[in-house]
Amino acid sequence: MKQVTKSQWNGYDTYILHSRNLEITLLPRLGNNIIAIRDLVQNRDIVRRPDENDLAFYLQKPYHFGVPLLIPPGRIHRGQFEYEGIRYQFDQNTANDNHIHGLHRSQSWRVSDIEEDEDGCSITTELLTENDAHWMEQFPIPLKLEMTFSLQNEVLTQRLRVTNLSSTPAPFGIGYHTWFLLDGNPEEWMLHLPVSGLYVQNDEQLPTGEIEALHDEWSSLEKGINMQGRNWDTLLRASEGKPAVAHLRRKDGHTLKYSVDEALFKHWVLYTKGESDQFLCIEPYTWLPNAPNLPLTDEVTGLVRLEPKQPIDFVTHIEVITPIER
């Protein structure tokens with residue numbers, strides 16, 4: 001049934017989008033995260049779901065579950081940069097006083113619209129950053145964020161619309177830290193992703209701006225590589241002129257297709273949380289971590305210039321492809 005229902009997680013309202021194939025669980029009041037994607041055909045969770053007893057950990061690190069939104073993604077050197085004469089100072093929340101994974105954590109988003117029809121269902125939520133004092137201390141340009149989650153059969157679409165409410169241009173970047181499950185059987189899964197190079201990182205895991213040619217396992221990534229024995233926390237450049245699409249395919253043909261707007265999402269991070277076993281995080285980024293501090297053009301880093309009162313849409317899709325029974 002194509003509808004939106006309500007439930008709760010640890011006393012917080014959740015909204016569940018239903019289709020014939022999938023159930024998508026949203027947690028608007030704690031970061032607007034997709035905390036669960038349930039495949040009804042395969043009877044399995046697709047992403048890492050927080051248990052009820054995970055609340056304390058979730059509040060500390062909400063980007064460890066589901067499909068969390070990062071604004072901006074990755075690290076920023078000492079958490080600081082300047083843009084258009086304005087100084088930005090983000091929290092220094094890593095061991096070496098850099099910043100990681102942005103200002104968006106567990107803010108409460110407001111549900112503004114729910115739609116249900118014969119084709120599918122959707123829910124729209126919004127957040128005004130000027131209502132978050134700590135956000136404004138770090139990023140003093142007020143933004144309006146609107147996220148629409150749409151579910152049609154086996155396809156989930158996220159559309160983030162960002163509007164700069166000030167009269168001053170602002171730098172912007174987003175990413176998604178998407179926790180796909182490997183079910184403890186990484187040897188059953190192949191990853192296909194078109195990329196064109198590896199970003200060199202220094203000992204603080206900040207990109208230097210240099211790009212290496214693909215080598216070793218990475219040279220086979222577009223054709224597909226098996227997930228067994230991988231230990232990744234790797235930053236890659238998307239291939240220009242090719243669709244920005246990742247395919248995570250199981251041996252039986254069950255496939256997760258993750259597609260993003262190639263004009264805006266120019267980088268990918270692949271992260272396995274140690275040697276591959278339970279997880280493969282496929283993380284599309286618009287900007288290169290530490291983008292405002294790098295001696296590179298916006299075209300290369302992917303830094304988006306938010307002009308006043310001109311909204312920009314960032315669109316991604318997750319599609320679950322079920323193998324055809326013979």
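Student: What makes an empty space in this structure a cavity, and how many of 30 Å³ or more are there?
Tutor: On a 1 Å grid over the protein atoms alone, a cavity is a set of points where a 1.4 Å probe fits but cannot get out, whereas a pocket is an open set with protein on both sides within 12 Å along at least five of seven lines. By this rule there are three cavities of 30 Å³ or more. Keep in mind that this is a predicted model, in which local features need pLDDT of at least 70 and side-chain atom pairs count only at pLDDT 80 or more, while totals for chains, interfaces and linings use all residues. Residues are numbered from 1 along each chain as its sequence is written, and side-chain values use heavy atoms, with hydrogens and water left out.

Student: What volume does the largest cavity have, and what makes a residue part of its lining?
Tutor: The largest cavity has a volume of about 70 Å³, a volume being the space filled by probe spheres set on the points, with grid points joined across faces, edges and corners. A lining residue has an atom within 4 Å of a point. Leu30, Gly31, Asn33, Tyr58, Pro62, Tyr63, Pro68, Leu69, Leu70, His101, His104 and Arg105 line this cavity.

Student: How do you know which classes the lining of the largest cavity divides into?
Tutor: Ala, Val, Leu, Ile, Met, Phe, Trp, Tyr, Cys and Pro count as nonpolar, Asp, Glu, Lys and Arg as charged, and the others, Gly among them, as polar. The lining of the largest cavity therefore divides into seven nonpolar, four polar and one charged residue.

Student: And what classes line the second largest cavity?
Tutor: The second largest cavity, with a volume of about 50 Å³, has nine nonpolar, one polar and no charged residues in its lining. Its lining includes Phe81, Phe90, Phe139, Phe172 and Trp287, along with Gly173. Gly counts as polar by the class rule.

Student: Which strands supply at least two residues each of the lining of the largest pocket?
Tutor: They are strand 22 (233-238), strand 25 (267-271) and strand 26 (279-285), strands being DSSP runs of E with at least two residues, numbered from the N terminus. Strand 22 gives the largest share, three residues. The pocket holds about 370 Å³ of space, and of its 19 lining residues Arg75, Ile100, His101, His177 and Asp233 lie nearest its centre. By class, the lining has eight nonpolar, seven polar and four charged residues.

Student: Why is the pair of Arg78 and Glu204 called a salt bridge?
Tutor: A salt bridge needs a side-chain nitrogen of Lys or Arg within 4 Å of a carboxyl oxygen of Asp or Glu. The closest N and O atoms of Arg78 and Glu204 are 3.0 Å apart, so the pair qualifies. The two residues are 126 residues apart, with Arg78 in the loop between strand 7 (75-76) and strand 8 (80-83) and Glu204 in the loop between strand 19 (195-201) and strand 20 (207-212). A search of the whole structure finds 16 salt bridges.

Student: What makes Arg305 and Glu84 partly exposed?
Tutor: Buried means under 20% relative accessible area and exposed over 50%, with partly exposed in between (1.4 Å probe, protein chains only). Arg305 is at 33%, so Arg305 is partly exposed, and Glu84, at 45%, is partly exposed too. Their side chains meet in a salt bridge, 2.7 Å from N to O. Arg305 lies in strand 27 (residues 304-306) and Glu84 in the loop between strand 8 and strand 9 (86-89), so the pair ties together parts that are 221 residues apart in sequence.

Student: Is Arg230 buried or exposed?
Tutor: Arg230 has a relative accessible area of 18%, so Arg230 is buried. Its salt-bridge partner Glu217, with closest N and O atoms 2.5 Å away, is at 25% and so counts as partly exposed.

Student: What makes the pair of His192 and Arg249 a polar contact?
Tutor: A polar contact is a pair of N or O atoms within 3.5 Å; within protein, one must be able to donate a hydrogen and the other to accept it, and residues adjacent in sequence count only if both atoms are side-chain atoms. The side chains of His192 and Arg249 make such a contact at 3.3 Å. Those of Glu222 and Lys242 do so at 3.0 Å. Glu222 also touches His192, contact meaning heavy atoms within 4.5 Å.

Conventions: Helices (H or I, at least four residues) and strands (E, at least two) are DSSP runs, numbered from the N terminus. Lists of a residue's contacts leave out its neighbours within four places in sequence.
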